[in-house]
Amino acid sequence: MTQIAEARKFYARLLAAHAGSADPRLEAVFTEVPREAFLGPGPWTVIAGNATFETPSADPVHIYQNVLVALDAAKGINNGEPFLHAMWIGKVAPKPGEAVTHVGAGTGYYTALLARLVSPGTVTAFELEAYLADRARQNLEPYGNVTVIHGDAVTGGLPPSDIIYVNAGVVAPPADWLKALRPGGRMIFPWRPAERVGLAVMVTRTERGFACDPFMRSWFIPCVGASLAGAMAKIPDRDNAARSRSIWLTADKAPDRTAIAVIGDVWFSSRSLRSS
């Protein structure tokens with residue numbers, strides 16, 4: 001086995017173990033999908049804490065670690081932390097045949113992983129930056145079940161989805177995103193209702209409504225068009241935000257005394273769907 005193959009296999013095993021997923025395919029796809037194919041030519045700029053520096057060479061072995069790789073350092077856009085995405089993908093549990101919408105696809109690395117996991121299902125990938133969308137489209141050509149859209153996922157609307165995988169921070173998920181979830185569908189997104197509040201949240205559409213699970217801290221660059229709250233919004237602190245157990249559309253149900261956050265057409269409640 002070559003050095004790069006060994007590095008990729010060990011990297012995949014670490015990610016799968018960190019994710020704690022029962023799906024053995026998670027380790028397999030991280031082994032099979034070459035991260036370097038989505039990063040452009042090396043050496044690469046990696047980010048560690050507040051420091052940025054170049055890999056010693058263009059040898060891909062250097063990027064099979066839990067490191068952020070800069071895609072556009074000036075805009076704060078990076079390839080994403082592998083440990084975090086392994087946990088997110090494990091939690092959202094993609095299944096063969098499902099339809100995924102990926103918001104903020106970047107150059108397509110995590111899109112490719114999702115595409116492998118849902119095949120023969122489909123992935124629709126949105127990327128707002130034209131040059132990144134072009135790169136993603138080229139990178140994802142070998143994956144016949146992916147469509148890349150250069151466009152605004154906030155205003156353009158999303159297709160009906162079993163999974164919505166969001167890689168940009170939102171003050172609240174747009175109502176249309178919730179409506180796009182099919183029964184049993186899951187949406188995972190970075191919730192950033194305030195500057196100092198950053199949580200990863202998974203929403204599941206059930207027969208009773210949208211269940212909400214804030215499961216870890218998370219920070220992403222803001223999602224254009226969905227990162228600012230209106231003057232009348234009710235904004236939670238971190239502790240209250242973490243108590244969210246369900247999400248409602250104001251058109252379906254008016255905010256009540258359990259409302260933790262009320263932002264536009266969406267509100268978050270401390271009451272679980274089981275007790276509502």
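This text walks through the sheet, the helices against it and the nonpolar cores of a predicted model.

The sheet is a suitable place to start. It is open and built from 10 strands, with mixed pairing, in the order E7-E6-E5-E8-E9-E10-E11-E12-E14-E13. Its edges are strand E7, residues 146-150, and strand E13, residues 259-263, each of which pairs on one side only. On average, and with direction ignored, neighbouring strands are turned by 20° against each other.

Within this order, strand E8 (residues 161-166) and strand E9 (residues 181-194) are joined by four bridges in the parallel sense. Ile164 stands opposite Met187, a residue of E9.

Two helices can be placed against the strands. Helix H3, residues 82-92, lies across E8, E9, strand E10 (197-206) and strand E11 (209-217), and runs at about 155° to E11. Helix H5, residues 130-139, lies across strand E6 (122-127) and E7; its angle to E7 is about 165°.

Turning to the nonpolar residues, the largest core has 50 of them, and Phe30, Ile89, Tyr109, Leu113, Leu140 and Tyr143 have the most contacts inside it. The element that gives the most to this core is helix H4 (residues 109-118), with eight residues. Leu140 shows what such a position touches: apart from neighbours within four places in sequence, Leu140 is in contact with Phe38, Gly108, Thr111, Ala112, Val146 and Val148. A second core, separate from this one, has 35 residues, including Ile164, Val171, Met187 and Val203. Ile164 and Met187, which stand opposite each other, are thus both among the residues of the second core.

Technical notes: Residues are numbered from 1 along each chain as its sequence is written. This is a predicted model: local features need pLDDT of at least 70, side-chain atom pairs count only at pLDDT 80 or more; totals for chains, interfaces and linings use all residues. Side-chain values use heavy atoms; hydrogens and water are left out. A nonpolar core is a set of buried Ala, Val, Leu, Ile, Met, Phe, Trp, Tyr and Cys residues joined through side-chain atoms within 4.5 Å. Buried means under 20% relative accessible area, exposed over 50%, partly exposed in between (1.4 Å probe, protein chains only). Contact means heavy atoms within 4.5 Å. Two strands pair if DSSP finds at least two bridges between them. Axes are lines fitted to C-alpha atoms, for helices over the stretch in contact, and angles run from 0 to 180 degrees between N-to-C directions.
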